[in-house]
Amino acid sequence: MTDTLTFTPQRTALLLMDLQAGILGLLSDPSELVQRAKQAREAAVAAGIQVVYVRVAFTEEDYKGISEYNKTFAPAAEHHLFAEGSPETVIAPEVQPGPQDKIITKTRTGAFSTTHLDDFLRERGIDTIVLAGVSTTGVILSTVRDAADRDYRVIVLSDVCADPDTTAHHTLLESVFPSQADLLDGKSFADSLVAGPAEGAGPAL
């Protein structure tokens, strides 16, 4: 795990992903994770970093567009899970978005799929994304892979993501993510922002 990284705030975004009731409820106790996400957001906002919330929710039209072959989302369409406006889609109250934050709604696993996230980031000159949320085997994994293929500099906040499958969570952090992302814990992320950016920091090398 990387202990020290530097960030250029105007070229960095913190993505808080799927921190909503229906997904946090898969964890035995999400309270500590939510608090760490809150602290990461507060540090990002104080440093002038763009915060982006990524959430999953479906309209009636969205349900119609889900193939019966989609093992993850066909059951959601069949049972109308995560319907827009339902309690399942509500972001945790401890980490509610502020007026300066961007909220992006997706209808598949990854943050880039079915969204305009890539356009939003590139229009602002953002080339570094810091990932946090639930679950590690879901939105984190899909977004790491997709972002790396799009040539973003990717950082995963190791203790600000979680998964019901703790074995898979640790395997991804230790054996899979390091090939495409840097890992940093939430406190080190906050501390690096207080220390300030180094000259030229931000882009992938």
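**Why these words fit**

Modeller: Let's start with Thr114, which is partly exposed, with a relative accessible area of 44%. Keep in mind that this is a predicted model.

Colleague: Why is Thr114 called partly exposed?

Modeller: Buried needs a value under 20% and exposed one over 50%. The 44% of Thr114 lies in between, so partly exposed is the right label.

Colleague: And where is Thr114 found?

Modeller: Thr114 sits in the loop between β3 and α5 (117–123). Its phi is positive, about 65°, although Thr114 is not a glycine. That catches the eye because most residues other than glycine have a negative phi.

Colleague: What makes His80 partly exposed?

Modeller: Try the cut-offs again: the relative accessible area of His80 is 38%, between 20% and 50%, so His80 is partly exposed. His80 belongs to the loop between α4 (74–79) and β3 (102–106), and its phi is positive too, near 55°.

Colleague: On to the helices! Why are α2 and α8 called roughly parallel?

Modeller: The axes of α2 (residues 31–47) and α8 (residues 186–195) cross at roughly 15° and come within 9 Å. Angles under 35 degrees count as roughly parallel, so α2 is roughly parallel to α8.

Colleague: Which residues make the contact?

Modeller: From α2 come Ala40, Ala43, Ala44 and Ala47, and from α8 come Phe189, Ala190 and Leu193.

Colleague: How do you know which classes those residues belong to?

Modeller: Ala, Phe and Leu count as nonpolar, so the contact has seven nonpolar, no polar and no charged residues.

Methods
Residues are numbered from 1 along each chain as its sequence is written. This is a predicted model: local features need pLDDT of at least 70, side-chain atom pairs count only at pLDDT 80 or more; totals for chains, interfaces and linings use all residues. Side-chain values use heavy atoms; hydrogens and water are left out. Helices (H or I, at least four residues) and strands (E, at least two) are DSSP runs, numbered from the N terminus. Buried means under 20% relative accessible area, exposed over 50%, partly exposed in between (1.4 Å probe, protein chains only). Axes are lines fitted to C-alpha atoms, for helices over the stretch in contact, and angles run from 0 to 180 degrees between N-to-C directions. Angles under 35 degrees count as roughly parallel, over 145 as roughly antiparallel, 65 to 115 as roughly perpendicular and the rest as oblique. Contact means heavy atoms within 4.5 Å.
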